[in-house]
Structure formats: structure tokens, C-alpha cells
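Colleague: I should like to go through this model with you, one point at a time. Please give the reasoning before each answer.

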Amino acid sequence: MAVEKFTKVCTKCGIEKSIDDFQLNGGKDNKYRKSRCKPCFEEYRKQWCKLNPAKVASIKLRWINKNQEKMQSCRKNWDKNNPEKLRQKTRKYQASKKCAAPSWAKVEKMQEFYLMAEKLTKETGTPHEVDHLVPLVSDFVCGLHCEFNLSVIPRNINRSKGNLRWPDMP
Ligand SMILES: [Zn+2]
């Protein structure tokens, strides 16, 4: 039997920590752990998400597509375990009607925006991106209640937080 390592030195903060302070990295057998400790990795993840909103969104899209059943059962479980919050949610929904749980039709719709961005990028030679869509919060697995607000805009405008929306695009 292989000797188990119980501590690991974080490549970011350089502190030797318990192996449990390092997130499993997935992959084969899920036996590797990240090189950064959990707090350092979280910090890094947040920064990365801030700098790469479009990538984050497409990663989420891919994940959503791959895990539709998981998401549904996750949502059902959450509802079951949080009856009070569910009631609040329902009330909130009824009050606004603007905020609805995403349907898979919407997921498909979101993909159309990505295709549109790709097409526009090719056609105009200007890189286009999909503007903020899935709220950039990490608990999107269970917490995806809001209407997606999508638009395809040239990257430089997206970067400078312009307000051009797709229907107004030339
Ligand atoms: Zn660290």
C-alpha cells in the first residue's frame, strides 16, 4: 500500500497544511489535489472569474447542458430541504414574475447567443462576446432563478461595460 501524504505545501501561500485543506482536483480516481490550498484557490478562482466572465459563462453553459438531470434533482432536493425558503421564493416569483427558474429552452436560447457571437466575430473580424448572462455567482447549481439577460456585443464594448444591446446592433 502506498504511503499516504497527510500534509501538503500550498504553492501560493507556502504554508504546509493538512491534505484536507486542498481541494480534490477531479480527474482519474479523483486522487490528486490542487496545488493551492482552499482559501488561496478560492481567491484565485474569484479573480479568474472576474477577469473571464465570458469563459465562466460558457463553462457554466457546458456544465448545465451536461448535468440537466443533476440540476433538476438538486433543485428538487433543495426545495424539499428548504420549505420555508421555497415559499419565499414562490412569493417572490409571484410578486415579480420577472424572475423565473430557467427552462432548458432558455439554455438553448443562451447557446444561440454564443453562436451569434461566434458568427459576428467571423463576419466582422471584430471579436464579439456574450454580455453578462448567468449571474456570476458560484452556487449556480441550485441558485439559478433569474431570467438570463443576454446580448451579443463587440468585445471592446463589453470590456468597457458599454450598454449596447443586441437588438440595437447595426
Ligand atoms: Zn495557500
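Colleague: Is His128 buried or exposed?

Modeller: This is a predicted model, and His128 belongs to strand S3, residues 128-130. A residue counts as buried if 20 or more other C-beta atoms lie within 10 Å of its own. For His128 there are 26 other C-beta atoms within 10 Å, so this residue is buried.

Colleague: What separates the C-alpha atoms of His128 and Ala117 in space?

Modeller: Along the chain, His128 and Ala117 are 11 residues apart. Between their C-alpha atoms the separation is 5.1 Å.

Colleague: Which residues of H2 are buried, and where on the helix do they lie?

Modeller: In H2 the buried residues are Val56, Ala57 and Ile64. Viewed down the axis of H2, its buried residues fall within an arc of 95°, so they line one face of the helix. In general, an α-helix has 3.6 residues a turn, so residues three or four places apart point the same way. On the other side of H2, the exposed residues are Lys55, Arg62 and Lys66, while the buried ones are Val56, Ala57 and Ile64.

Colleague: How does the end-to-end distance of H2 agree with the span expected at 1.5 Å a residue?

Modeller: Helix H2 covers residues 53-66, and at 1.5 Å a residue its 14 residues should span 20 Å. The C-alpha atoms at its ends agree with this, being apart by 20 Å.

Colleague: What is the environment of Pro53, and how far is Pro53 from Glu129 in space?

Modeller: Pro53 lies in helix H2. With 18 other C-beta atoms within 10 Å, Pro53 is partly exposed. In sequence, Pro53 and Glu129 are 76 residues apart, and from C-alpha to C-alpha their distance in space is 9.7 Å.

Colleague: How many residues of H3 are buried?

Modeller: Helix H3 takes in residues 68-81; its 14 residues should span 20 Å at 1.5 Å a residue, and its end C-alpha atoms, 20 Å apart, agree. H3 is hardly covered, and the count of buried residues among its 14 residues is 0.

Colleague: What pattern do the helices and strands of the protein chain follow?

Modeller: The protein chain has 7 helices and 4 strands. Of its 170 residues, 12% count as buried. Read along the sequence, the pattern is β-β-α-α-α-α-α-β-α-β-α.

Colleague: Where in the protein chain is confidence lowest?

Modeller: The mean pLDDT of the protein chain is 70, with 59% of its residues at 70 or more. Over residues 160-170 the pLDDT stays under 50. Where pLDDT is low, the predicted coordinates should not be read in detail. Confidence is highest in strand S2 (residues 16-18), at a mean of 95, and lowest, at a mean of 35, in helix H6 (residues 140-143).

Definitions and conventions
Residues are numbered from 1 along each chain as its sequence is written. This is a predicted model: local features need pLDDT of at least 70, side-chain atom pairs count only at pLDDT 80 or more; totals for chains, interfaces and linings use all residues. Helices (H or I, at least four residues) and strands (E, at least two) are DSSP runs, numbered from the N terminus. The expected span of a helix is 1.5 Å times one less than its number of residues. pLDDT is the predictor's confidence in each residue, from 0 to 100. Two residues are in contact if their C-beta atoms, placed from the backbone, lie within 7 Å. The arc is that of the directions from the helix axis to the C-beta atoms.
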